[in-house]
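Trainee: Could you take me through a close look at a single part of this structure, and then set that part against the whole?

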Amino acid sequence: MFTLLFQLLQQVTECDTKMHVLHVLSCVIERVNMQIRPYVGCLVQYLPLLWKQSEEHNMLRCAILTTLIHLVQGLGADSKNLYPFLLPVIQLSTDVSQPPHVYLLEDGLELWLVTLENSPCITPELLRIFQNMPPLLEQSSENLRTCFKIINGYIFLSSTEFLQTYAAGLCQSFCELLSDITTEGQVQVLKVVENALKVNPVLGSQMFQPILPCVFRGIIEGERYPVVMSTYLGVMGRVLLQNTSFFSSLLTVMAHKCNQEMDQLLGNMIEMWVDRMDNITQPERRKLSALALLSLLPSDNSVIQDKFCGIINIAVEGLHDVMTEDPETGTHKDCMLMSHLEEPKATEDEEPPTEQDKRKKMLALKDPVHSVSLQQFTYEKLKAQQELLGEQGFQSLMETVDTEIVTQLQEFLQGF
C-alpha cells in the first residue's frame, strides 16, 4: 500500500492531489511509527525533489513538513541520515527574514523540535540553526511555547556547547522577555534556566547570572503568583544545593544591591522559603527545597541557627512527601531514588522513548533529587550540626522545634 501511494504521489501533477496523497502517507507513518522504517527509503529520496519543485506552492510545502515530522518520529535516531535535507528545510522554514516563513513557521518549529528530540548527538549544522531563534523570541508570538521546548531540547542534547555558544544572547532575550510577558511566559523562561542548572550547575549559573538577582529578589519580596514563586524556589534550590560558592557570591552581590547585611538577607530568604513551601506542588521541587535548605547545615551562623526550626519543618514535610513504607520489611524508604535497573518496558500502545527521553533518564540518575536519600541526608546534616555545637548546644537548638515535628523526625530517622 505504501509503495502504491508513493507511486501515485510521483504520478499526479495537481498540487492539491499531491497534498492529499501526502496527507494519507503521513497518517500511515504516524500510525505505524517505527515499523515504517523498511518502507521509507524511496520516499526519503523523493522528498528533496518534491520540496524543490514546490517552491511556488507553500501549502504543499506545509504538507511536506508534516510528513517529515512523522517521518523523523518514525525513524528515531536514524533520522540523523536525513540531516543534509532536513536541516536546510528547518533553516528556511524558521528564518523570519525569508518570506515563506509566514506559511511554514509553525510546522517548521514542530519539525525542529522533533528533530532535536530524536537526535542522537549534536552536529555543527544543528547547532548553527539556533541563530534563527533570537528573532523568534522577539516576536513573542503564539509559537513561544514551542520555542522554549526547542531551547530545552538543545540544553538536554549538548548543554556545554550550546550554552557557551548562545547563552549570552539568550540571557539578553530572556531579560527583555521577562519584563513584558504573562506569568505563564515567565514560568517558561525560568524553567529553561532551571533545566540549564539541572544539567550543568556551574556553567548554568555563570551563563544565566544576570537573571538570578531577579529570582533572588522575587523570593525575598514574596512573589504573589504561586507558580512563579515555586519556579523561583526551584531555580534557587539548584544554585544553593549544586553550586554553593556561586550562591555565596550571589548573596554578596544582592547584599550590596539591597544595601543590607548578607546574614539579614539570607535570613529573609529562608523565612520566605519556609513560609511559601506550600506554593510548591511538584514532588521533585519539594524534595529539592528540603535538600537545599538542609545543605546550609552544619553551621554556627546565628541567622541559620535562628531559622533552624523552619529548616527542620521543611525537612520533615519533605520526608512525608517522599518516604513510603516497604510492606515486606516495614521500613521506610525514599521513593524518589532511581537506579539504573529501573528500565520501564514500553507497552504496545506507548510510543517508544525518544533519544531525549533517554537523555532525561540519564540526567535524573545523576540529579541529587533522584540520587540522594533525603532520610540519610537529614541524618548526616543533623549529626554534623550536633558535632559542631556539642550535645548541649544541639539540644537547645532542637528545643526550638515543635515537639510534634521532633517526634515525626525521630520516626523517620529510626534505624540510623
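Mentor: Let us begin with Q186, which touches L178, I181 and V228 when residues up to four places away in sequence are not counted. This is a predicted model, and the contacts should be read with that in mind. Q186 sits in helix 10, which runs over residues 183–199. Its side of the story is completed by its cover: Q186 has a relative accessible area of 17%, and because buried means under 20%, Q186 counts as buried.

A second residue worth setting beside it is R359, which lies in helix 19, residues 355–366. R359 is likewise buried, yet it has no salt bridge, and the nearest side chain of opposite charge, that of E355, is 5.0 Å away. Since a salt bridge needs a side-chain nitrogen of Lys or Arg within 4 Å of a carboxyl oxygen of Asp or Glu, the 5.0 Å to E355 does not meet that cut-off. As for what R359 does touch, leaving out residues up to four places away in sequence, the list consists of L116, E117, S119, P120, F156 and L157.

One of those residues, L116, falls within helix 6, which spans residues 101–118, and that helix also holds V102, a residue in another setting. V102 has a relative accessible area of 62%, and because exposed means over 50%, V102 is classed as exposed. On the surface, V102 joins M59 and Y103 in a nonpolar patch, and the three together have about 340 Å² of accessible area.

Now for the whole chain, in which these parts have their place. The protein chain has 22 helices and two strands, and its C-alpha trace spans about 90 × 55 × 30 Å along the principal axes. Of its 416 residues, 52% are buried, while the chain exposes about 20,200 Å², with carbon and sulfur atoms supplying 51% of that area. Among contacts with a separation of 6 or more, 72% are between residues 24 or more positions apart.

The domain assignment gives domain 1 as residues 1–153 and domain 2 as residues 294–339 together with 355–415, and the centres of the two domains, taken over C-alpha atoms, are separated by 48 Å. By these bounds R359 belongs to domain 2, whereas V102 belongs to domain 1, and Q186 falls in neither of the two.

How values were computed
Residues are numbered from 1 along each chain as its sequence is written. This is a predicted model: local features need pLDDT of at least 70, side-chain atom pairs count only at pLDDT 80 or more; totals for chains, interfaces and linings use all residues. Side-chain values use heavy atoms; hydrogens and water are left out. Patches are made of residues with over 30% relative accessible area and no salt bridge: like charges are joined within 9 Å, nonpolar side chains (Val, Leu, Ile, Met, Phe, Trp, Tyr) within 5 Å. Accessible areas come from the Shrake-Rupley method with a 1.4 Å probe; for residues, only the protein chains shown count as cover. Helices (H or I, at least four residues) and strands (E, at least two) are DSSP runs, numbered from the N terminus. Buried means under 20% relative accessible area, exposed over 50%, partly exposed in between (1.4 Å probe, protein chains only). Lys and Arg count as positive and Asp and Glu as negative; His and the chain ends are not counted. Contact means heavy atoms within 4.5 Å. Domain bounds come from an automatic or database domain assignment.
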